[in-house]
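I opened this entry to look up two things: how the protein copies relate, and what lies near the DNA. Notes follow in the order I checked them.

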There are 2 protein chains.
Amino acid sequence: MVLARIILGLLAIAPMTGYDLKRHFDSTAGHFWTADKAQIYRTLAKLVADGHAAVETVAGSGAPDRQEHRITAAGQAELAAWLASEPERQTERDPFLARVFFGAGLDEDGLRSLFAGRREAVQERLARYEQLRAENAATDRGARLRLLTLDNGIAHLRTELAWLDAAEEELA
Amino acid sequence: MVLARIILGLLAIAPMTGYDLKRHFDSTAGHFWTADKAQIYRTLAKLVADGHAAVETVAGSGAPDRQEHRITAAGQAELAAWLASEPERQTERDPFLARVFFGAGLDEDGLRSLFAGRREAVQERLARYEQLRAENAATDRGARLRLLTLDNGIAHLRTELAWLDAAEEELA
DNA sequence: ACCGCCTAGTTGACAAGTCGACTAGAGGAT
DNA sequence: ATCCTCTAGTCGACTTGTCAACTAGGCGGT
């Protein structure tokens, strides 16, 4: 389960609650993984059950109590083993491209709005990533690697925009 | 369920068996969707149950009998409705980038082989896509749209290679 | 004669992910 | 006073996807 390893990785950066993790998946880690909060909490429980993480309840001042999870030595070993293992093969799944692939079933207007919607979504994402990019500096090797993945996202979003330009021109 | 719509779309191009569909997901449609054969057969059964597709057993000459599925009028309507509906938002999930994100947990050699493996996988894919691209001509609007999605894959793979160059140089 | 591969499909057990509802207190706005 | 949002977490039902095993006949090679 990749999610479990990613959570371990995040816990290795700093101890966190499920809520914190969810925010990471919605921001800093969002460009390479997404996760439902129910799934996050269940995975955290499993990590604790497996001895890869430990919980500590921290009384919240004002806010609810926090269930802080921190990675254990066993978790650290597990994370290292995963990093060194054979990468899982990626399963491409892009519903937008699927729609384009069958786009012959749409009229000109339908296609146009399909592309327009994509363009908007991509631009929005790109703006977010560039913002993030500007806010962070590559202080050490870890930060540099994390920024590299963000640069990867940015590069692909730009490629997508360029492809949209070409596609719309070809269909015009 | 996106898979059901994609299968409908493929059946709209030509009647097919589950086996044929699997081959499509492993080749022509592989750059935007993948599917397990068990899932394909179950989805086909559901499409038939919903009246979106009809089965016809064709005696195989030599080979086993073929369960040819063809799209029905109701299926065609369903497909058209999906194409015109709001696109589902994409869930980015890239285990390779996840590994890079936590790459600080790897030594120089580990990182190098991670990138090298990715480069190899990307180059292989790119070669396959370019082969496919060369084999197909844009005869009509449908074919042109299908080729556009392939071009999308090619563009992103090239971007990935360029990013790998930059990343390896930065880490060198 | 036997092995392995291709076509074609089925089944069961599981793993992973999604959705919505629900609890609960604090703080801010109307 | 009431409502909304944020933080924090839990639960159940459900959908989707994955893995491995299994059937079964035909074809080609050794």
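I began with the symmetry, keeping in mind that this is a predicted model. I superposed chain B on chain A: the rotation is 180°, the shift along its axis is 0.0 Å, and the RMSD is 0.0 Å. The two copies are therefore related as by a two-fold rotation axis. I then checked whether both copies use the same surface, and 100% of the contact residues of chain B recur in chain A.

Which residue of chain B comes closest to the rotation axis? I found B:H156, with its C-alpha at 3.1 Å.

Next I looked at the contact between the chains. I noted 46 residues from chain B and 46 residues from chain A. On the chain B side, α1 (2-13), α4 (73-84), α5 (95-101), α6 (108-135) and α7 (141-171) each supply at least two residues. α7(B) gives the most, 13 residues. I sorted that side by class: 24 nonpolar, 14 polar and eight charged residues.

Then I turned to DNA strand C. How many residues surround it? I got 20, and the closest are A:M1, A:A38, B:T17, B:A38 and B:Q67.

I asked which elements supply at least two residues each to the surface near DNA strand C. Chain A gives α3 (37-49); chain B gives α2 (18-26), α3 (37-49) and β2 (66-71). The largest share, three residues, comes from α3(B). By class, I logged 10 nonpolar, seven polar and three charged residues on the surface near DNA strand C.

Conventions. Residues numbered from 1 in each chain as written. Chains lettered and ligands numbered in written order. Predicted model: local features only at pLDDT ≥ 70, side-chain atom pairs only at ≥ 80, totals over all residues. Near = placed C-beta within 6 Å. Helix = DSSP H or I, 4+ residues; strand = E, 2+ residues; numbered from the N terminus. Nonpolar A, V, L, I, M, F, W, Y, C, P; charged D, E, K, R; others polar. Least-squares fit on C-alpha atoms with pLDDT ≥ 70 in both. Contact = placed C-beta atoms within 7 Å.
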